Amino acid sequence: MDFSAITVLCVGDVMLDRFLYGRMERISPEAPVPVLLLDARREMPGGAGNVASNILSLGGRAVLVGLTGQDEAGATLRGALAGRAGLQDATCISAVRPTICKTRFIAAHQQVVRVDEESRSGLEAQEAESLCAAITAHMGQVQAVVVSDYGKGVCAPAVLEHLFAQAEYLGVPVFVDPKSTDYSLYRGAACITPNARELAAASVMPVESEAQVEAAARTVMERAEAQAILATRSEKGMMLVRRNGPALSVPARAREVFDVSGAGDTVIATMALAVGAGMSFEQAMRVANAAAGVVVGKLGTATADIGEVLRELDDQDAQGDGDGSTAPLLPLEAMRAQVDRWRARGLKVGFTNGCFDILHPGHVSLLAQARAACDRLVVALNTDASVRRLKGETRPVNTLEARATVMGALRMVDAVVAFDDDTPLETIRVLMPDVLVKGADYTAETVVGADLVLGAGGRLVLADLRQGHSTTAIIGRARS
């Protein structure tokens with residue numbers, strides 16, 4: 001998973017996040033409030049700036065467009081942006097607006113109070129012109145755009161209209177972290193990433209159950225003419241609702257949560273990078289879910305680096321695989337999720353299928369060749385009913401459960417799935433493997449699903465066969 005060639009344009013409300021750490025040792029004699037004895041302070045870019053920080057941490061490059069003021073906070077913020085490898089500071093200095101600054105006082109790992117400094121006035125014409133000029137200057141060099149709308153003025157209708165027109169003209173996908181409940185402002189977005197509260201407010205619909213979330217997402221998706229809605233649901237995980245396709249949910253992995261500050265920034269930064277790098281929305285969601293899981297385990301406005309995300313994806317794989325002693329027999333939807341996680345890590349997924357009723361050296365040879373052609377191998381087994389239709393009422397000798405147990409114990413097999421049709425065409429269509437493997441007794445024209453895989457840029461491998469081995473012959477020898 002390499003994002004080094006991906007540049008994301010980050011447009012929105014840029015702010016300075018200031019953290020003041022201390023100890024509470026007594027109550028003030030002046031008022032019934034604690035006295036905080038300061039020990040340390042940290043200052044970092046927040047808002048759209050934190051999205052840019054996440055992009056850098058994940059290995060990508062960022063161009064940051066927003067507004068800063070002619071004040072101490074603005075100078076501090078610009079200093080924090082200066083010299084950061086991979087970041088281009090394209091922020092505009094406002095003559096009338098202060099820099100947005102959020103100061104958090106923290107004691108014993110808990111926020112005591114937060115102080116916000118900001119202007120709530122509308123965007124001035126000169127400010128809008130400067131922002132639009134910066135967007136035009138940089139849109140042509142990026143693979144994705146993130147709009148971070150915190151409702152602080154930058155994401156005014158005139159600016160958004162200009163941004164979406166530029167993105168549509170150049171074919172650049174736009175990802176939106178929304179604040180407004182009017183999603184028509186984000187018309188043309190590739191993906192909008194509201195949390196559950198924001199989705200409920202925008203749709204004026206309940207969002208407690210998955211069915212309710214999907215219904216609310218489809219409602220606001222129509223208003224925005226968006227391709228997808230990614231609803232973040234805190235401890236319930238995420239749900240991706242696509243315009244053309246079923247909804248897909250991923251759970252949040254159980255962990256100790258220290259701070260959710262900036263988790264939404266991490267999600268949208270990861271989605272933009274992943275889709276900009278060519279991943280599907282589904283694959284990008286898996287990576288974003290892992291990245292969000294990393295940052296909520298940290299205190300303050302945090303980021304996740306690519307190594308942490310890869311380790312989190314590995315942990316999710318291990319958690320889903322039980323004790324890891326055998327490759328599990330997964331339902332098709334769970335298998336697709338597993339394939340997405342593998343692909344998110346840059347692994348090539350191979351696929352082969354068969355009855356595999358009684359394993360013999362010919363099977364082992366085919367599986368070894370298949371595993372050598374990919375990083376992870378999925379084996380699809382005919383169900384018992386499917387085997388009977390193909391081989392007759394006396395087959396299979398071994399049940400699906402028994403065949404899956406033996407198959408999953410082989411070191412070259414990474415996961416097992418079953419299909420009830422006569423062919424695995426629908427399974428191949430859902431998983432869309434990078435490498436499709438069958439025996440050399442087939443041709444490219446006769447391998448089921450070969451046209452799909454090859455059409456998607458995948459590869460077909462026709463494995464050499466070991467002669468003299470077959471399940472039918474083994475059964476015949478046993479009977480005689």
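How many salt bridges does the chain have? The count comes to 23 salt bridges. The structure is a predicted model, and the paragraphs below lead from the overall form of the chain to its strands, its charged pairs and a few details of its backbone.

The chain contains 16 helices and 21 strands. Its C-alpha atoms fill a box of roughly 100 × 55 × 45 Å along the principal axes. Of the 480 residues in the chain, 51% are buried. The surface that the chain exposes amounts to about 20,800 Å², and carbon and sulfur atoms supply 52% of that area. Contacts also show how the chain is arranged: among those with a separation of 6 or more, 69% are between residues 24 or more positions apart.

The strands may be considered next. Strand S2 covers residues 14–27 and strand S3 covers residues 34–47. These two strands pair in the antiparallel sense over 13 bridges, and a hairpin of six residues joins S2 to S3. Within this pairing, Gly-22 has Leu-38 in S3 as its bridge partner. Strand S2 also pairs with strand S8, residues 100–107. Here the strands run parallel, and eight bridges join them. One example of a bridge partner in S8 is Thr-103, which is matched with Arg-18.

Another parallel pairing is found between strand S10, residues 144–148, and strand S11, with four bridges. Val-147 stands opposite Val-176 in S11. Which way do the side chains of strand S11, residues 174–177, point? Val-174 and Val-176 point one way, while Phe-175 and Asp-177 point the other way. All four of these residues are buried.

Charged side chains form the next topic. The chain has 47 positive and 57 negative side chains, and the centres of the two sets lie 4 Å apart. Side chains of opposite charge can pair when their charged atoms come close. One such pair is Arg-41 with Glu-43, a salt bridge in which the closest N and O atoms are 2.9 Å apart. Arg-41 is exposed, with a relative accessible area of 51%, and Glu-43 is partly exposed, at 31%.

A second salt bridge is formed by Arg-403 and Asp-384, with the closest N and O atoms 2.8 Å apart. Arg-403 lies in helix H13 (residues 400–408) and Asp-384 lies in helix H12 (residues 384–391), so this pair ties together parts that are 19 residues apart in sequence. Is Arg-403 buried or exposed? Arg-403 counts as buried because its relative accessibility is 3%, and the cut-off for buried is under 20%. Asp-384, at 22% relative accessibility, counts as partly exposed.

A third salt bridge joins the side chains of Asp-422 and Arg-389, with an N to O distance of 2.8 Å. This pair links distant parts of the chain, 33 residues apart. Asp-422 is in the loop between strand S19 (415–419) and helix H14 (425–431), while Arg-389 is in helix H12. Asp-422 is partly exposed, at 43% relative accessibility, and Arg-389 is also partly exposed, with a relative accessible area of 47%. Salt bridges may also share partners: Arg-18, Arg-41, Glu-43 and Glu-72 are joined in this way into one network.

The final topic is the backbone. Most residues other than glycine have a negative phi, and most peptide bonds are trans. Which residues are joined by a cis peptide bond? Arg-395 and Pro-396 are joined by such a bond, with omega about 5°. Pro-396 lies in the loop between H12 and H13.

Val-204 has a positive phi of about 55°, although Val-204 is not a glycine. This residue is found in the loop between helix H5 (196–203) and helix H6 (210–224). Val-204 counts as exposed because its relative accessibility is 72%, and the cut-off for exposed is over 50%. Met-432, another residue other than glycine, also has a positive phi, with a value near 45°. Met-432 is found in the loop between H14 and strand S20 (435–439). At 26% relative accessibility, Met-432 counts as partly exposed.

Note on methods. Residues are numbered from 1 along each chain as its sequence is written. This is a predicted model: local features need pLDDT of at least 70, side-chain atom pairs count only at pLDDT 80 or more; totals for chains, interfaces and linings use all residues. Side-chain values use heavy atoms; hydrogens and water are left out. Buried means under 20% relative accessible area, exposed over 50%, partly exposed in between (1.4 Å probe, protein chains only). Contact means heavy atoms within 4.5 Å. Accessible areas come from the Shrake-Rupley method with a 1.4 Å probe; for residues, only the protein chains shown count as cover. Lys and Arg count as positive and Asp and Glu as negative; His and the chain ends are not counted. The place of a charge is taken as NZ of Lys, CZ of Arg, CG of Asp or CD of Glu. A salt bridge is a side-chain nitrogen of Lys or Arg within 4 Å of a carboxyl oxygen of Asp or Glu. Two strands pair if DSSP finds at least two bridges between them.
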